[in-house]
Amino acid sequence: MRTGSEPATARSALRARFWLSVWGLGWTALGTVAFALAGRPGWAAACAALWLVTTVDLAVVLRHIRQGPHYQPGRDVPPYQPPEDGPPYPPPPGHRPPGRRPYRGWPGPRHP
């Protein structure tokens with residue numbers, strides 16, 4: 001259900017972000033160690049910087065998960081209700097509401 005307020009009420013797939021952060025944490029740690037042992041300090045520093053970014057992202061995701069259903073609603077939490085007063089702006093002239101367009105036939109030559 002689209003309400004027009006999605007940027008303000010958007011929800012993030014925190015469990016997916018958590019597992020992607022764990023995956024990235026492992027690869028960046030492995031890359032840092034491997035490049036350091038191979039004598040490539042530039043690549044090791046780049047992997048270490050990504051390791052730091054991944055660690056911060058993982059901490060933010062865990063914080064949001066622990067804050068409860070406002071950030072990570074369960075299956076029993078319904079989506080946000082649309083605002084009572086409607087959209088914040090009028091539709092543009094000639095706007096058609098979303099829905100199925102009528103069938104116009106196979107594209108090809110038109111017969112009069």
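**Surface and burial**

I began with the accessible surface of the chain in this predicted model. The total comes to about 9800 Å², and carbon and sulfur atoms account for 66% of that area. I then asked what share of the chain is buried. Buried residues make up 15% of the 112 residues.

**Secondary structure and contact range**

I read the secondary structure next and found 3 helices and 0 strands. Along the sequence, the pattern is α-α-α. I also looked up how far apart in sequence the contacting residues lie. Of the contacts between residues at least 6 apart in sequence, 67% join residues at least 24 apart.

**Annotated spans**

I consulted the UniProt record, an unreviewed entry, for annotations. It gives "transmembrane region" for residues 18-37 and 43-62. I checked both spans against the model. Residues 18-37 are 100% helix and 0% strand, with the end C-alpha atoms 29 Å apart. Residues 43-62 are likewise 100% helix and 0% strand, and here the end C-alpha atoms are 28 Å apart.

**Helix H2**

I compared the length of H2 with expectation. This helix has 24 residues and reaches 34 Å from first C-alpha to last, close to the 34 Å expected at 1.5 Å a residue. Which residues of H2 are buried? I noted Leu14, Ser21, Gly24, Thr28, Ala29, Gly31 and Thr32. The buried residues of H2 pack against H3. Just after H2, I recorded a positive phi of about 80° at Gly39.

**Helix H3**

I repeated the length check on H3, residues 41-66. Its 26 residues should span 38 Å at 1.5 Å a residue, and the end C-alpha atoms are 37 Å apart, which agrees. I listed the buried residues of H3 as Ala44, Cys47, Thr54, Leu58, Val61 and His64. Their cover includes helix H2 (14-37). Just after H3, I found Gly68 with a positive phi of about 100°.

**Thr28**

I then took three threonines in turn, starting with Thr28, which is found in H2. I asked whether Thr28 is buried or exposed. Its relative accessibility is 10%, so Thr28 counts as buried, the cut-off being under 20%. Leaving aside neighbours within four places in sequence, I found Thr28 in contact with Cys47, Leu50, Trp51 and Thr54. The C-alpha atoms of Thr28 and Cys47 are separated by 5.4 Å, although the two residues are 19 residues apart along the chain. I also looked for a polar partner of the side chain. A polar atom of the Thr28 side chain lies 3.1 Å from the backbone oxygen of Leu25.

**Thr32**

Thr32 is also found in helix H2. I read its relative accessibility as 13%, so Thr32 counts as buried. What does Thr32 touch, apart from residues up to four places away in sequence? I recorded Ala44, Cys47, Ala48 and Trp51. I added one distance, that from Thr32 to Ala46. These residues are 14 residues apart in sequence, and their C-alpha atoms are 7.9 Å apart in space.

**Thr54**

On the H3 side I examined Thr54, which has its place in that helix. At 14% relative accessibility, I entered Thr54 as buried. Not counting residues up to four places away in sequence, Thr54 touches Ser21, Gly24, Leu25 and Thr28. I checked its side chain for a polar partner as well. A polar atom of the Thr54 side chain lies 2.8 Å from the backbone oxygen of Leu50.

**Aromatic pairs**

I ended with the aromatic rings. A pair of such rings is described by the distance of the centres and the angle of the planes. I counted 3 aromatic pairs. One of them joins Phe18 and Trp19, whose ring centres are 4.8 Å apart. Why is the pair of Phe18 and Trp19 edge-to-face? Their planes stand at 75°, and planes over 60 degrees apart count as edge-to-face, so the pair is placed in that class. I looked up the accessibility of Trp19 as well. The value is 57%, and exposed means over 50%, so Trp19 counts as exposed.

Conventions: Residues numbered from 1 in each chain as written. Predicted model: local features only at pLDDT ≥ 70, side-chain atom pairs only at ≥ 80, totals over all residues. Heavy atoms only, no water. Helix = DSSP H or I, 4+ residues; strand = E, 2+ residues; numbered from the N terminus. Buried < 20%, exposed > 50% of the residue type's maximum accessible area, 1.4 Å probe, protein only. Contact = heavy atoms within 4.5 Å. Areas by Shrake-Rupley, 256 points an atom, 1.4 Å probe, with all protein chains shown as cover. UniProt positions renumbered as here; feature names shortened; annotations may be inferred. Phe/Tyr/Trp six-rings, centres within 6.5 Å; stacked < 30°, edge-to-face > 60°. Expected span 1.5 Å × (residues − 1). Polar contact = N/O pair within 3.5 Å; in protein donor to acceptor, adjacent residues only side chain to side chain.
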